[in-house]
Structures are given as structure tokens and as C-alpha cells.
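Trainee: I am new to this structure. Could you take one chain and look closely at its rings and buried parts, then set it beside a few spots elsewhere?

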Amino acid sequence: MNRRNFLRNTGFVAAGSLFVPAFMKPLEAMALDELSLYKNLVVVQLSGGNDGLNTVIPFGNDIYYQKRKSIAIKPEEVIKLNDMQGLNPNMAALQEIHDQGWMTIINDVGYPNPDRSHFRSMDIWQTGSDSNQFLSTGWIGRYLDSNCQTCKFPYTAIEVDDSLSLAMKGQTKKGIALKDPGALYRNTNDPFFKAMLQNDKEHLDEDNLGYLYKTMIETSSSANYIQNTSKIYQSKSTYPNSGFANQLKTVSKFISSGLKTRVYYVSLSGFDTHVNQIGQQGNLLKQYGEGMAAFLKDLKTNNKLDDTLVITFSEFGRRVEQNASNGTDHGTANNMFVFGGKLKKQGIFNAAPNLSDLDTGDLKYQLDFRQVYGTILDKWLDVNNADILNKKFNTLDFI
Amino acid sequence: MNAKDNFLKVKHLYNRAGFGISYAELEKLSRKNLNKVVDTLLKDSQKDDPIKLVNDFESKRQLLVQAGLYAKKDLTDEEKKMRQQIVREQNEVSRDLNIAFVNQMINTAAPLREKMTLFWHGHFACRSNNPFFAQQLNNIQRTNALGSFKTLLVEVSKSPAMLQYLNNQQNRKGKPNENFARELMELFTLGRGNYTEQDIKESARSFTGWMYDKDGSFIFRQNLHDTGTKTFFGKIGNFEGENIIDIILEKPETSQFIARKVYKFFVNDNPNEDHVKELATHFYNSKYDIASMMKKMFTSDWFYSPENVGTKIKSPAEFLVGLSREFYVTYNKPQVLIQLQSSLGQYLFNPPNVAGWPGGQSWIDSSSLMLRMRIPSLVLNDGEIDFSGKADPEDEAVIALSRVATTNANANSKPKSYVNANADWPKFLGTLPKGLTPLALTEFLLQPKLNDKITTMVSDNKGLRSTAVEITSMPEYQLC
């Protein structure tokens with residue numbers, strides 16, 4: 001019998017699923033109490049270098065207004081969090097989140113000898129390297145590699161996107177990228193690929209062909225697991241209509257349906273605001289704030305907020321002084337947002353940026369971003385951060 | 001000489017040293033002695049065909065305008081527009097340049113030269129927003145791809161693209177910038193652990209004044225050069241850049257570093273140290289003659305031993321170029337090639353960082369692998385794999401589901417219009433001998449040895465075309 005099938009009009013969704021029920025087994029072996037304590041990390045990447053000073057506005061500092069004559073946010077527009085800093089008005093949706101104690105802002109996060117290239121600095125943030133060190137694995141990837149108690153499954157880390165970021169790639173293990181579990185499932189439960197995998201025991205060894213088959217099998221079992229676990233779940237919450245909110249909605253669906261995934265990765269891009277920043281950044285921050293607020297409230301409704309930690313980073317902040325095109329150029333240290341139901345320190349974590357003590361026009365960092373990673377690895381993912389970050393970083397007290 | 005054996009060896013040679021070979025060409029070549037075939041390969045690759053896409057005159061004009069605008073403090077709206085216009089044009093030409101490089105690899109009659117160019121493209125990893133600079137560097141890598149490594153290294157070091165990328169433009173007497181000096185030793189020649197921080201400092205001083213001028217030509221600015229005495233690897237002198245390069249090349253570690261990298265690219269991700277040493281010694285003794293090292297490698301028995309055949313994961317460039325070359329594919333919207341490179345993790349001219357693409361298993365993750373297995377059907381056959389196999393009820397359900405999905409998806413995305421490529425099937429089929437069986441075609445298209453499963457899968461295949469689509473959609477096709 002000859003059949004025509006597959007692939008036509010299925011779009012460009014990468015990654016897929018094939019049918020290997022045997023690989024579902026380890027899950028059933030997991031004890032129930034283990035499942036109920038499942039903690040999730042959601043990493044949100046703002047690509048392009050978000051201007052932190054127009055996100056969390058140091059309205060109490062005159063220097064801010066002197067340096068940003070045409071793009072500063074007026075004090076009366078700022079959503080004040082204390083008498084020094086407040087949120088960009090486009091992030092009004094986050095006020096409620098802040099008031100609930102689900103949010104903390106870490107000021108001036110960076111690293112020594114900062115690099116102002118998007119690519120390089122993003123690399124540094126994703127790999128957790130020093131600025132003169134080139135790593136080919138990501139920090140979450142190395143967490144997967146560590147084969148710890150909490151990171152055993154191929155679906156331990158999911159990126160809601162078409163392709164996988166370096167952050168999610170380890171030496172031997174990698175996260176999985178997917179945008180729509182249903183499309184994936186249909187797309188790759190294809191008779192041809194299934195036939196390829198049937199009885200394929202001979203390839204499960206260490207060489208490259210074995211690696212290809214192993215990847216294919218893991219993709220298959222993960223996609224089946226993800227689809228089967230999450231398909232019944234229907235969110236009752238409404239999300240704003242944006243691509244970013246959709247990614248978060250997918251993450252919420254996964255978390256709320258009880259997926260045993262530990263790390264989720266999503267991103268929002270367009271923050272490289274050299275020209276006419278106000279409109280462009282405002283629009284993005286609105287998407288970010290509204291999407292995030294809907295997401296957190298959804299998790300709260302599903303009793304998952306206490307088990308979820310969300311962090312947001314960007315590859316760098318921007319210069320303190322605006323440029324001549326009503327925009328800002330590449331800078332260094334930046335703030336990070338942390339969300340969750342179980343934050344130890346809520347509101348604003350540390351002192352506001354010092355605008356009078358700059359390094360050739362850029363903020364000096366107070367905290368190394370790997371201290372933030374280290375804190376999460378130690379206290380949230382239960383691994384020793386030195387094993388993942390190649391040296392020990394002091395942890396912080398936000399969780 | 002066993003004819004079948006030679007057939008497989010020549011096929012392996014052309015897959016590794018080039019981007020594959022047509023059946024007809026393979027049949028012709030495999031009648032010759034293998035050493036003769038290697039000579040032919042080298043001879044064919046003597047031809048240097050530089051890319052001449054970017055308009056030199058226009059680029060120099062843009063550079064001068066940019067330099068002028070850069071020097072001004074406040075720009076008029078007119079000037080801002082001009083600046084943006086230049087950036088837009090440069091971005092557009094950069095994309096065209098990327099496609100030109102891919103097309104050059106697909107269509108080249110000098111396969112080894114292009115393959116080596118791809119190797120140097122990763123070795124001397126560089127990003128430049130200026131397509132004129134990027135093309136120039138690419139051509140330096142092509143012209144010297146099989147020549148003297150020293151000439152190549154000096155020319156790369158003097159190219160505006162690299163001077164800019166590694167900040168030698170900022171490397172001045174009294175205010176050294178060590179970026180170039182560090183990468184020169186760490187990534188281009190000696191490798192980590194074979195130099196000290198002091199060597200980097202002294203080398204950086206020696207390269208002060210190596211710059212490019214306003215119209216993008218290399219210039220040695222004597223007044224910015226540190227003329228003091230330097231101590232580099234125990235040698236004392238008033239060194240200049242080229243002296244440093246000479247001293248670096250005197251060290252056998254450089255030949256070992258390059259030979260190991262060449263071995264990993266052409267032979268195996270896990271180097272056999274004896275073979276690497278053999279290659280490095282030869283390279284060193286030949287005064288860094290690249291062609292001579294390549295010949296040595298391609299004529300070594302170990303190059304053809306089973307652990308080195310069909311065991312390497314193709315890079316995205318090798319995969320895309322190989323597939324397109326094999327089936328004479330035309331891309332009606334060549335931009336899609338850029339999207340594919342990017343999704344597969346190797347966007348040419350845009351390496352992730354100065355260390356280049358890590359390669360090997362790092363090419364493969366769940367999404368890139370599934371995409372790789374779908375591309376052949378998208379490129380060759382409008383997204384379909386004609387697969388004759390046993391259907392079970394579950395399969396039928398999946399097929400029904402995807403039909404529904406197809407109907408629903410009709411409105412938004414059609415892979416055909418997205419990839420929009422045509423394979424020249426008559427031409428491809430014309431290169432095959434009369435009466436070639438699907439199984440023999442499978443053996444030709446795949447580099448790994450056939451196993452029972454694949455043999456069974458294609459055993460009742462009727463058509464060559466559907467077989468080709470199936471085979472290129474397999475994990476085995478990811479290897480070369």
C-alpha cells in the first residue's frame with residue numbers, strides 16, 4: 001500500500017515526537033510526594049538590551065532627569081515603589097503583583113569587564129562565563145548535564161520557541177524547544193519516522209549515529225509525554241493577545257497540568273532602542289507587564305505560584321545618558337525582575353543604581369549575574385552552584 | 001584494486017573534501033587509482049573564484065560618508081537618514097553575500113577550495129556589519145585556502161574585518177588593546193596553555209599601529225606603533241606584527257593546533273593523536289603548506305578506515321549545500337537559505353563568538369534534528385514523503401489528524417511557498433546509471449554503512465525519486 005502523508009502544510013514547527021511508550025516508564029516510578037513538591041523556574045529573556053533605567057525609574061535622582069532630557073519618565077507618571085524607584089507606567093499591570101508581594105527587583109546586575117556587543121553579552125549571560133571566556137554550553141544545559149535528582153528527564157527544560165537557545169544546551173543533555181505541543185505531536189507522529197525508530201536497539205550506543213537516534217527518541221517520548229499530559233488542561237484565565245503572553249500561557253498550561261519540567265525559557269525581543277525609544281520600549285514593556293501579570297495570577301489560581309520562580313534578564317542595560325536620537329546606546333549593568341509566591345525579600349532587593357559614580361558613562365554592577373544564577377541553583381533547583389558555574393558564587397537572600 | 005571498495009573511498013573523499021559528488025562523476029573517478037583521484041581533486045581546486053558581489057566603489061563611498069558622520073557631533077535629520085540608509089543597504093548586501101557564499105559552495109568546480117574556505121571561515125571567525133569587509137575576508141580565506149598558512153594568517157590579521165572585530169583599531173602605543181593579540185594565540189595559532197599573559201601583552205604592543213584607514217585599506221600607522229623593545233617567547237627585539245607571527249609559526253605547537261583542528265573538521269571529532277602528530281609534523285616540515293597537509297591526509301590509509309567513514313555529523317552548511325548540490329536545487333526565494341542556516345544553528349558570517357561554531361554533536365538538539373529531517377522533503381518534494389509501509393490503526397488516526405490540520409493550516413502557511421525551491425529531478429535522475437535499484441541509490445546517498453533496517457525499509461520501494469526523499473529524511477543522512 002502506498003500512502004501519501006505527512007509534512008504538507010504543517011508549517012515550520014521544529015522538534016517533534018515519535019512513539020516510544022517504553023520511555024514513559026520512569027515517570028510512573030516517581031513517588032507522589034515528590035511530584036507535589038515540584039518547583040519550576042521560568043527564565044524570561046528580553047533581547048536587544050532593555051533600558052533598565054526607563055523600566056525601573058530612579059525618579060528620586062535628579063541626575064536621571066539631567067541625563068535624559070527628552071526621554072525621562074516624569075515623576076508623576078512613575079508607578080512609585082519607594083521614594084527612589086518606580087515602574088514605567090506601561091507596566092501598570094505589575095502594580096498589583098508588587099502589592100501582593102510576588103515581585104522583587106534586583107538592581108545593578110552585571111559582570112566584570114562588560115561587553116557591549118549583543119551577541120557576546122548574550123553569550124555571556126546564557127553560558128554564565130567570564131567576559132573573556134568562551135563556553136559552548138549554557139548554564140541550564142550544564143544543570144541538565146549534572147544528572148541531578150531533579151533533572152533526569154529529557155523534558156526537564158523546555159523552551160517555548162522554534163529553536164533552542166545556547167542557555168539550554170549542555171554537553172550531553174539539551175533542553176527541548178517547542179511552540180505548540182499539539183502541532184508537534186501530529187507533525188512528528190509520522191509513520192515514516194515511527195518506522196525509523198521501530199526496533200532500533202542497535203543504534204543506542206555512544207557514537208554519533210547513536211546520539212542522533214537518542215535525540216530522536218527523547219524528542220519523541222518528550223513530545224508524547226508533553227502532549228498527553230497537557231492536552232486535557234484548559235486554562236480559565238484570559239491572557240492579553242500577544243506572542244509573549246501566548247508563550248507564557250503555554251508555560252502555565254504545562255505547569256498547571258503537572259508536567260515534570262523544571263525549567264521553562266521564553267523570550268521577548270526588540271529592546272535595542274537606539275532611536276525613538278519611548279514608543280518602542282513602552283509597547284514592549286506593556287506586553288511584558290500585562291503578560292506577566294496574567295501569567296502570575298493564572299498560576300496563583302492553580303495553586304502553582306508558590307512552586308514557581310520567574311526571572312527576567314536582558315543581555316545588558318543601556319547608557320545612563322540618552323543619545324541625540326531620543327534613544328539610548330548599549331550599556332552595562334541592569335536590573336532583573338524576580339517573581340514568585342515565596343519570595344524572601346519583596347519589592348526592591350538592593351540599593352538603586354548610583355548615577356553619580358559611573359564607569360565611562362555606564363552603571364557599575366553591584367551584583368554578579370552568576371550570584372543570581374547561583375542562588376537559584378542552590379536554593380531552588382537543589383544543586384551545588386559551583387558544579388554548574390565552574391566556581392562557587394555567594395548566594396543572595398531573595399529566596 | 002577492488003572496484004566497489006574504490007567507489008566507496010572516492011565517495012567518502014568527495015563528501016569530506018567537498019560537498020558530495022554525482023553518481024556519474026563518481027563512477028568515472030573511481031576507475032582511477034585513489035592517489036590520482038586526490039591529485040585531480042587538488043588540481044580542480046587550484047582555480048580561485050573570488051566572490052565579487054559587493055561594489056567596491058560604492059562601499060568606499062559609504063565608508064567615507066560614515067566616517068564623516070561619525071566625527072560630527074550633532075546630525076541633521078538629513079544626515080541621520082543618510083546614516084540609516086547606509087546601514088539598511090549594508091544589511092541587505094550582507095544577506096546577499098551570505099547567499100552568494102552558499103551558492104558558490106553549491107555550484108563550485110573547485111570543491112576542496114570551497115570546503116577549506118568554509119573551514120577557515122569558522123577558524124578565523126569574524127562578524128562585520130560591513131559586507132565589503134566581510135567579502136574581502138572571505139576572499140582572503142578562499143585565495144589562500146590551500147596556500148601558505150603564514151600568508152593566510154598575515155592577510156587575515158591585516159583585514160579591516162578582523163582589525164575591527166578584534167579591536168586592533170583601538171590598539172595604540174601606550175594604550176594597548178589586547179583582544180587581537182590574545183585571540184591570535186588562543187584561537188588562531190597556538191591554542192590555550194601555550195603562552196603566558198606576558199606574551200600577550202608584548203604581542204599586543206607589537207601590533208600597535210596595525211589599522212585600516214577611512215576607505216578601508218590596511219595601513220601601518222608608525223606614529224601609533226610602540227617602537228620599544230619587546231620580549232616575546234624569550235626573544236628580545238623591537239618587534240612588529242609580522243615578527244610576532246614568524247615567532248609563533250616557529251613553534252611546533254602552532255602546526256599541532258591547526259592540524260588537530262583540520263583533523264576534527266575533515267576526519268573525526270575525536271582525534272587520533274598519532275594521526276594528528278603525523279599531520280602536524282608534515283605541516284611544520286612543509287613550512288605550513290596547507291595543500292601539502294591536505295594531500296597527506298587524503299592519501300593516508302587512516303582517512304578511509306571505517307571509524308572515519310559516515311561517522312561525522314554534517315554541519316548545517318554541509319547539510320544544506322550537499323543536499324542542494326546533489327539534487328540541483330534552485331531556491332526561488334534564496335532568503336530562505338538564511339532562515340534555514342539560522343534555525344539549524346550555523347548562520348554563515350555570523351559565528352556565535354570569536355571561537356567559531358563548536359561543531360560535532362552540538363549541532364544537534366531536538367528541534368534542529370527534527371528540522372533537518374524535514375528539510376529534504378520540503379526542498380525536494382513539496383513537503384511530502386511517499387512512504388510505503390504497513391499502516392496500523394494508530395497511523396491512520398495520525399494521518400487523519402494531520403489531514404484536518406492540513407485543511408486548517410491551508411489558510412496561513414504552506415511550506416511550498418515558504419521554502420519555494422525546485423529540485424531538478426530529470427537532471428539528477430540523468431546522472432544515475434540505467435536500472436539502478438532503490439537499494440543501490442540508498443547506498444550511494446548515505447555515507448554510513450547500510451543496516452538491516454534501512455535495507456528492509458527500501459526493499460519494496462519502486463521509485464528512485466521517492467526513495468531519495470525517504471533516504472535524505474533519515475538520521476543516517478545527517479552523517480558524512
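Mentor: Start with one residue. B:F207 is buried, at a relative accessible area of 1%. Keep in mind that this is a predicted model. B:W210 is buried too, at 1% relative accessibility. Both values fall under the 20% cut-off for burial. We will return to these two residues shortly.

Now the rings in general. Over all chains, the structure holds 44 aromatic pairs. One of them joins B:F119 to B:F265, with ring centres 5.1 Å apart and planes at 75 degrees. That angle makes the pair edge-to-face, because the cut-off for this class is over 60 degrees. The two partners come from distant parts of the chain. B:F119 belongs to helix α6 of chain B, residues 111-123. B:F265 belongs to helix α13 of chain B, residues 252-266. In sequence, 146 residues separate them. Their surroundings can be read from their accessibility. B:F119 is buried, at 3% relative accessible area. B:F265 counts as partly exposed, at 21%.

Back to the starting point. B:F207 and B:W210 form an aromatic pair as well. Their centres are 4.9 Å apart, and their planes meet at 80 degrees. This pair is also edge-to-face.

A ring can have a charge over its face, too. In chain B, B:K115 lies over the face of B:F19, 5.0 Å from the ring centre. Chain A offers a case of its own. There the charged end of A:K80 sits over the ring of A:F59, 5.1 Å from the centre.

Next, a helix of chain B. Helix α10 of chain B covers residues 179-189. Of its 11 residues, 10 are buried, so the rest of the structure largely encloses this helix. Among the buried ones are B:R182, B:E183 and B:E186. B:F180, B:L184, B:M185, B:L187 and B:F188 are buried as well. After α10(B) comes B:G191, with a positive phi near 85 degrees.

Phi deserves a short detour. Most residues other than glycine have a negative phi. B:F233 is not a glycine, yet its phi is positive, at about 50 degrees. Look for B:F233 in the loop between β3 (230-232) and β4 (235-237) of chain B. At 21% relative accessibility, B:F233 counts as partly exposed. In chain A, A:N276 also has a positive phi, near 40 degrees. A:N276 sits in the loop between β9 (263-269) and α11 (277-301) of chain A. It is partly exposed, with a relative accessible area of 48%.

Step back to the whole of chain B. Its secondary structure comes to 24 helices and seven strands. The radius of gyration of chain B is 25 Å. The globule rule gives 23 Å for 480 residues, which is close, so chain B is as compact as a globular protein of that length. Along its principal axes, the C-alpha trace spans about 80 × 65 × 35 Å. Buried residues make up 56% of the 480 residues in chain B. Take the contacts in chain B with a separation of 6 or more: 72% of them come from residues 24 or more positions apart. The accessible surface of chain B is about 19900 Å², and carbon and sulfur atoms account for 50% of it.

A word on cysteines. Over all chains, the count of disulfides is zero. Two cysteines of chain B show their burial clearly. B:C126 counts as buried at 8% relative accessibility. B:C480 is buried at 3%.

Last, two buried spots in chain A. A:I140 lies in helix α6 of chain A, residues 139-145. A:I140 is buried, at 1% relative accessible area. A:Y265 is 125 residues from A:I140 in sequence, but their C-alpha atoms are 9.8 Å apart in space. Leaving aside sequence neighbours within four places, A:I140 is in contact with residues including A:V43, A:A157, A:V263 and A:Y265. The second spot is A:S47, in strand β2 of chain A, residues 40-47. A:S47 is buried, with a relative accessible area of 17%. Beyond its neighbours within four places in sequence, the contacts of A:S47 include A:M122, A:S267, A:F271 and A:E315.

How values were computed. Residues numbered from 1 in each chain as written. Chains lettered and ligands numbered in written order. Predicted model: local features only at pLDDT ≥ 70, side-chain atom pairs only at ≥ 80, totals over all residues. Heavy atoms only, no water. Phe/Tyr/Trp six-rings, centres within 6.5 Å; stacked < 30°, edge-to-face > 60°. Helix = DSSP H or I, 4+ residues; strand = E, 2+ residues; numbered from the N terminus. Buried < 20%, exposed > 50% of the residue type's maximum accessible area, 1.4 Å probe, protein only. Lys NZ or Arg CZ within 6 Å of the ring centre and 35° of its normal. Rg over C-alpha atoms; globule rule 2.2 N^0.38 Å. Contact = heavy atoms within 4.5 Å. Areas by Shrake-Rupley, 256 points an atom, 1.4 Å probe, with all protein chains shown as cover. Disulfide = S-S within 2.5 Å.
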